[in-house]
Amino acid sequence: MQKYLTEVSFTLDRHVTLVTQTAPIAPETHGGRAKCLQRLVRLNLPVPRTVALSFDTVKAISLGRIPDTGQLLSVFDPDALLCVRPSSQDPDWGGPTTILNIGMNDAACARLSAELGPEAAEALYRRWVQSYAVHVARLDPDAFEEIDADAPDALARALRAYEDEAEEPFPQDPATQLAEVLRSMARAWESVSARLLREAKGAPVDAGLGLVVQEMALGFGPGESGSGVLQLVDPDTGLKQVTGRYLSQSQGRDALRAGARALYLEADPRGPSLEERAPEAFAQLKEHAALMRQRLRAEMQVEFTIENGTLFILDGVVVPASDAAAIRIAVRLAEDEIITPREAVMRVQPRALSSLLHPQVDPRADRDVIGTGIAASPGAATGRIAFTAADAQAMAAREEPCILIRRETAPEDVRGMHAAVAILTEKGGMSSHAAVIGRGMGRPCVVGARNLRINLKRRQITADDGRIFREGEIVTVDGTNGEVLAGAPAMLGAMLDDAFRTLLGWADEDRDLRIRVNADTPEDAEKARLFDAGGIGLCRTEHMFFEPGRLTVMQEMIFAATPEDRRAALAQLLPIQRADFKELFAIMSGKPVCIRLFDPPLHEFLPSDRAGLRDLAEALNLPVSDVTRRVESMGEYNPMLGLRGVRLGITVPEIYDMQARAIFEATLEASRKDEPVVPEIMIPLVSARREVELVRKRVDAVAAAVRTERGRDFTYRLGVMVETPRACLLAGDIAPHVDFLSFGTNDLTQMTYGLSRDDAGRFMSDYVQQQVFDEDPFHRLDTAGVGELLRIGIERARAAKPEIIVSICGEHGGNPESISFCRSLGMNYASCSPFRVPVARLAAAQAAIRDKIEYS
């Protein structure tokens, strides 16, 4: 009987159907694999006869209602062996293991022995017995693993082992075998563990499973026979290349039965290629793959067998491509006019771009994992262990790559973070200091690595298995997977090519949400230009004060006794800040730059250890006791909710006065006649209208003074960073006094939840696993709680001032799901760390395209 399908009518009921060109099969009722096989049939490809069981049928089977398997078998060749494959709606949701060789029994073994030889037939039978025992009858696999496959009595031993374990002989009736296979696979899909696993992959609770029963083309025979897979593209690189594997199982070719062989267009120097063995079948295979690519509109991996030189196509799945390959494949499909550029944009996951911007651990490399934590900043880097910022800087000066390891980082560690190639902390979460700065710098970062014990005194870390790693030893931080590895595994470099830029160019054509960057330094601004950011949405000025020569002046200002003394100290910082801002304006070249005024509590600029206190006393020419008392007097029980942000700007106004002057003077120096700079000044941590009024009055006064002194006019915009729930609720009162609102969702999430973003990592994984939270709210914006505050704030602000600009500048501005939500609220732009700009651009475009598709 012909093994592949012809157009015949076969329907046991409306849920069990022969796969033909016109059969009523859909992914929503029979699954993606069944639908793909029907498409292959419509292309007139040599697909073996196949029957599809619907989701409803499989559900009924799990409840004990088995279809008439005898009637189902009647559609197939009486001597055929069958396989059953899972067919879920989305292939990423998985499914039970494919079962092969159904129908193999004593009679079939005798028949195949005459055709293929006893050795091949008995090997097939033995493998079927073991597979049935383990995956269908659920017997102890140990009873079968001890059987030597090469022993002459291997089949007899497998049959005895089955009878001993099951307490009954191995079933000989093909209908019984098929019924039990269907029952086993249906119940496996409904198991609790399988349901939890697919829900973790995004499947709905009631996701269904279809099954396909297919006549097997064994790939055995006296002529060229074998099985394999082929694709017309390299799945790792996305470049055009025939790749795959082929296992020759021809009689008389024992030397080739040892393992899989690669497919080559040219002869393989290690032996004959498939092209040489079966040129006609190989040519057909390539033609079929090219047709599948054209008509199925995707690069397809073709599963095939060759039986005595005759080709059969068993299945086709989309090539499981790497992130880099996925982009190149999508772009080339669009360039070949197989899909549209818009479809190409929708086919790439935004997060896939992150892995292309940084080096990664080679997926083929051995991974000696010594610790795990939160994957806070993607990429991977190898270096020597350093426990202090000073050590990291010293290693960098010797051109030794280093990993900065801290319990948690603070602003004074920033220079060490710059010097390091990666960052690891024991504490912290997705929006902790190390995570935020690491992402901004593009440094791989793992935070909250609780199973690594860090001993700063002994300068060593201890893994869970007891291994100790000391300062100077080499480790690798994988910020993509949240792992710390011993040694230096093989790495893959960053990949920014024409396909990457082409895809983002297409994305920008549909994107209606502008994307800016959080950038504090000229280096950050340069990255922003590289990634085509639309401007700077957040420049955190406090990081500028930790540079050498500036910190001491800042400390002098903190210790000043009078406003005059403070102004005198700040006068030394004025030209430095002015130069910083001028350089940012020049790099951004006409694009908007939003500068946040000084935000952190002053204690962050003061030392806490004895050595630091002595150094500070010497620098200020003061007794150590006086310095110690002053530092202690500035301590706060909860400094992040204390004297910081606008509160500091009102109580110590000289700081904001100096910063405003530096911004305005830099504005005039950077402006050109045809391209004036229009700076944006942002007031942090606002919670009351009166705060805005007081700061605005002083900023306006500084602006007037600079205009008078320089004899030139300029314009600027003033806004607030909305970080407190009260600011969201009172946005209608605040909006008339500002030009823009930018939601700082890091602190807003912290205050809404009552969580410390630096400490939440200690228990967040437990909360997510137990479904208290769907996701870490510092990683993905909480649309129900924090998102509702955003909605209220935007609605009330625009009711009071319709033309007000609204944005997000917290770390959620680089999260794809959060970007989609912010766009739905009508925000004008999102701002994120430099290396997340491409991710944000693609995510914003996909959100816009989804809306256009929905409303078209």
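This report walks through a barrel, a small sheet, a pocket and a cavity in this structure. Keep in mind that the model is predicted.

**The barrel**

Let's start with the barrel. Eight strands close up in the order E24-E25-E26-E27-E28-E29-E30-E31, and their pairing is parallel. On average, neighbouring strands here are turned by 25° against each other, if you ignore direction. Helix H32, residues 786-800, packs on this sheet and touches both E29 and E30. The direction of H32 makes about 180° with that of E29.

If you're wondering what holds such strands side by side, strands of a sheet pair through backbone hydrogen bonds, either parallel or antiparallel. A few of the pairings in this structure are set out below, so you can find them in the 3D view.

| Strand | Partner strand | Sense | Bridges |
|---|---|---|---|
| E24 (residues 514-518) | E25 (residues 536-540) | parallel | 2 bridges |
| E29 (residues 740-743) | E30 (residues 805-808) | parallel | 4 bridges |
| E30 | E31 (residues 829-832) | parallel | 2 bridges |
| E19 (residues 460-462) | E20 | antiparallel | 3 bridges |

Some residue pairs make handy landmarks in the barrel. Asn518 stands opposite Leu538 in E25. Further along the chain, Leu741 has Val806 of E30 as its bridge partner. On to the next pairing: Ser807 sits opposite Tyr829 in E31.

How do you get from E30 to E31? Helix H33, residues 816-824, joins in, and E30, H33 and E31 together make a β-α-β unit that is right-handed.

**The small sheet**

Now for a simpler piece of the fold. Here 3 strands form an open sheet in the order E18-E19-E20, with antiparallel pairing. Its edges are E18 (453-455) and E20 (468-470), each of which pairs on one side only. Neighbouring strands of this sheet are turned by 20° against each other on average, direction ignored. To spot the contact between E19 and E20, look for Gln460, whose bridge partner in E20 is Arg470.

**The second largest pocket**

Next come the open spaces. The second largest pocket has a volume of about 1500 Å³. Its lining is made of 41 residues, and those closest to the centre are Asp90, Pro91, Asp92, Val317 and Val318.

Which elements supply at least two residues each to this lining? The helices that do so are H2 (32-42), H12 (279-296) and H13 (323-335), and they are joined by strands E4 (82-88) and E10 (310-318). As for the mix of residue classes, the pocket lining has 19 nonpolar, 10 polar and 12 charged residues.

**The second largest cavity**

Finally, there are the closed spaces. How many cavities of 30 Å³ or more turn up in a search of the whole structure? The search finds 4. The second largest cavity holds about 40 Å³ of space. Around that space you'll find Glu408, Thr409, Thr425, Lys427, Gly428, Ser432, His433, Ala434 and Asp758. Sorted by class, the lining of this cavity comes to 1 nonpolar, 5 polar and 3 charged residues.

Conventions. Residues are numbered from 1 along each chain as its sequence is written. This is a predicted model: local features need pLDDT of at least 70, side-chain atom pairs count only at pLDDT 80 or more; totals for chains, interfaces and linings use all residues. Side-chain values use heavy atoms; hydrogens and water are left out. Two strands pair if DSSP finds at least two bridges between them. A crossover is right-handed if, with the strands pointing away from the viewer, the path from the first strand over the helix to the second runs clockwise. On a 1 Å grid over the protein atoms alone, a cavity is a set of points where a 1.4 Å probe fits but cannot get out, and a pocket is an open set with protein on both sides within 12 Å along at least five of seven lines; lining residues have an atom within 4 Å of a point. Grid points are joined across faces, edges and corners, and a volume is the space filled by probe spheres set on the points. Ala, Val, Leu, Ile, Met, Phe, Trp, Tyr, Cys and Pro count as nonpolar, Asp, Glu, Lys and Arg as charged, and the others, Gly among them, as polar. Axes are lines fitted to C-alpha atoms, for helices over the stretch in contact, and angles run from 0 to 180 degrees between N-to-C directions. Contact means heavy atoms within 4.5 Å.
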